[in-house]
Amino acid sequence: MDTNEDSPHIRAQLEDEGSVLNSNLFLEHVGEVSLTLNSDGLSWKLLESLHNEKDGLSCLGIKFISKSETEIKFSDVYAVEFINWGLIHESVLSTAGGCLIRHESEMYRFTVHGVQRSKTRPSLLVLAVYTFGHKDLQMCHMWVNRINALLKMETGRPKSLLVFVHPLSGKGSGCRTWQTVAPIFSHAKVKTKVIVTQRAGHAFDVMASISNEELNSHDGVIAVGGDGFFNEILNGLLSSRLKAPYPPAPADFVHSVGSNDSVPVHDPNETDVETSCENEDHSPLLSSPRSNPIELSNLRTEEGSCDRDQDSKFSLPNERFRFGIIPAGSTDAIVICSTGTRDPVTSALHIVLGKRVCLDIAQVVRWKTTSTSKDVPCVRYAASFVGYGFYGDVITESEKYRWMGPKRYDYAGTKVFLRHRSYEAEVACLEVKSEKTSASSETVASRRYGLWLLPKKSERVVCRVNCSTCNTNRSCVSTSVPPEAPSSDPEEQRWLKSKGSFLSVGAAIISCRNERAPDGLVADAHLSDGFLHLILIKNCPHASYLWHLTQLARKEEPLNFEFVEHYKTTAFTFTSSSDDSVWNLDGEPFQAHKLSAQVFRGLVNLFASGPEV
């Protein structure tokens, strides 16, 4: 490139009071391009291809077709940076022979960092880096300043984040995963306060004791780990800040536990029998040492506000404040359901681009640990799944084989399946009538599906980007606290009860997709529709239960069995007939003989947009 001939080719045009900028620059590995900036994004066209269109140049008889114009929207750009003087590798067409040649030139450069969707996996986001160059320093600075000015107009993007890293998550890859994605946050100029957890309950303690002032200084909290680690962080925040009534319950259940309407406050230093030392994917919330106690009297006044931080409020739900998950666990069901893929880079890009989707949260209240115990109600929260029987037994059994890593879940699951143990229990769920259910179908529906007919596979409406189900008849954030909680008027409630011998009892808050069950437990469960999917597996022959589990992996009809009861509800209660009752809450063990649960619609927000389906 002849520097003396540059000047006639340099042009910077501002039209309509600076809304459009156009210049000729060199694009790394492409060549000289005509770059245009407008309010939506950047577009460029290879200048050599323009010449080819006129001259019809060819190499070895093959005519070069002009490349179509390429563009990137500012909604897909997260950073631009000036990188000073250096080499630009060009690809140009030789005017003598018409064949493709390559050479390098030194010039000033700036890089645009953005994202593209994978052509083969729509939910997967990949990094897109474009380096432009020019001999004129002021030209490069002008482009960087203009792009930065337009990026600042993109709303909802985080500027400061609190990041928790679980070093033992999954296969011990938590720190490596963070090191992989940290440059994305650095390029986007997002400040990150990183805490690598040192023990079980560490993240819970930080979130439960953090001041509202510091919490409000961040735009969100990021968990680098699995579903259990996110559950720990979620419970740390909600346990000390969410003022919510207990779940509704049938009259006989209420009388048996002596319920009242007081606001629950859970002691994070209480030690449950099911907790143990920290492992790679689930960090029990309640096993933290008592050396750093959190006094309950310091958490709330009678009005429910924090004594230590009365002048700074943190409200729930909170549209600005979002949670993020960078997957590094064993299953990462929440990430798969909310982004469509289990990829740390994709999750990091959702965060820096400021994506937002609402997420339902289940409140679970343990009334009794055993049949004879007299307990203070213990409140926990779950974001993906609450399970008993088979699911609780797998978590309990897997604790014996922690040295196996994530594979212990497969081994424990096989042992529990072969044991084929069933449990006597009574389950009641709040009836929710379907607007589409006809009178003629109610008898069949109530027998097996609780007034919600199970849709055919072709009729299912799965959760996706801009999901119409999640966005119907609501704004993402309700003004009520808790948002859209079930009706507490006994006259408006009708409870459906099921009593017998169960292999498992599960409540899916989301579809719970994972690599073993691509469609999840309930294919048409949504991120924020305000429902729990209660799945009761009655005692059945071994072969039948195996076929049910096989259907999950084969994306078939896992709920279409006579021994399966499926209820779409907003609240349920459970009472075991034995004392050996361990539940699985987002991968966390939780012992409970008697409990109740309800769902809060859109209680928290995630840095995600839903899966591309």
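In this predicted model, a convenient place to enter the structure is strand β19, where W495 is the bridge partner of L430. That pair belongs to a longer association, since strand β18, which covers residues 423–430, and strand β19, which covers residues 495–508, pair in the antiparallel sense over 8 bridges. Strand β18 is itself mostly covered, with 6 of its 8 residues buried.

From β18 the path leads on to β22, for these two strands also pair in the antiparallel sense, here over 5 bridges, and A425 stands opposite S576 of β22. Strand β22, residues 571–576, has 6 of its 6 residues buried, and it is therefore largely enclosed by the rest of the structure. The side chains divide between two directions: A571, T573 and T575 point one way from the strand, whereas F572, F574 and S576 point the other way, and all of them are buried.

Strand β22 has a further antiparallel partner in β25, residues 594–606, with 5 bridges between the two. Within β25, L595 is the bridge partner of F574. The same strand β25 also holds K594, a residue that counts as buried because its relative accessibility is 7%, below the 20% limit used for that term. K594 and F574 are separated by 20 residues in sequence, yet their C-alpha atoms are 5.6 Å apart in space.

The nonpolar interior can be followed next. The largest nonpolar core has 69 residues, and those that touch the most other members are F164, F230, I233, L234, F323 and I361. Helix α8, residues 227–241, supplies the largest share of this core, namely 6 residues. L234 gives an idea of how distant parts of the chain are brought together, for once its neighbours within four places in sequence are left aside, L234 is in contact with F323, I361, Y381, A383 and V604. Another core, of 28 residues, lies apart from the largest one, and its members include A362, A382, L532 and F574; the last of these is the β22 residue whose bridge partner in β25 is L595.

Helix α15, residues 542–553, offers a buried residue of another kind in H548. With a relative accessibility of 3%, H548 falls under the limit and so counts as buried. Not counting residues up to four places away in sequence, H548 touches I537, P558, F561, F563 and V564.

Helices α8 and α15 both reappear around the largest pocket, which holds about 1,500 Å³ of space. This pocket is lined by 45 residues, of which T331, Y409, D410, N514 and R516 are the closest to its centre. The elements that give two or more residues to the lining are α4 (169–172), α8, α12 (390–398), α13 (407–419) and α15. Sorted by class, the lining comprises 20 nonpolar, 15 polar and 10 charged residues. Helix α8 thus appears in two settings, as the source of the largest share of the largest nonpolar core and as one of the elements that line the largest pocket.

Note on methods. Residues are numbered from 1 along each chain as its sequence is written. This is a predicted model: local features need pLDDT of at least 70, side-chain atom pairs count only at pLDDT 80 or more; totals for chains, interfaces and linings use all residues. Side-chain values use heavy atoms; hydrogens and water are left out. Buried means under 20% relative accessible area, exposed over 50%, partly exposed in between (1.4 Å probe, protein chains only). Helices (H or I, at least four residues) and strands (E, at least two) are DSSP runs, numbered from the N terminus. Two strands pair if DSSP finds at least two bridges between them. A nonpolar core is a set of buried Ala, Val, Leu, Ile, Met, Phe, Trp, Tyr and Cys residues joined through side-chain atoms within 4.5 Å. Contact means heavy atoms within 4.5 Å. On a 1 Å grid over the protein atoms alone, a cavity is a set of points where a 1.4 Å probe fits but cannot get out, and a pocket is an open set with protein on both sides within 12 Å along at least five of seven lines; lining residues have an atom within 4 Å of a point. Grid points are joined across faces, edges and corners, and a volume is the space filled by probe spheres set on the points. Ala, Val, Leu, Ile, Met, Phe, Trp, Tyr, Cys and Pro count as nonpolar, Asp, Glu, Lys and Arg as charged, and the others, Gly among them, as polar.
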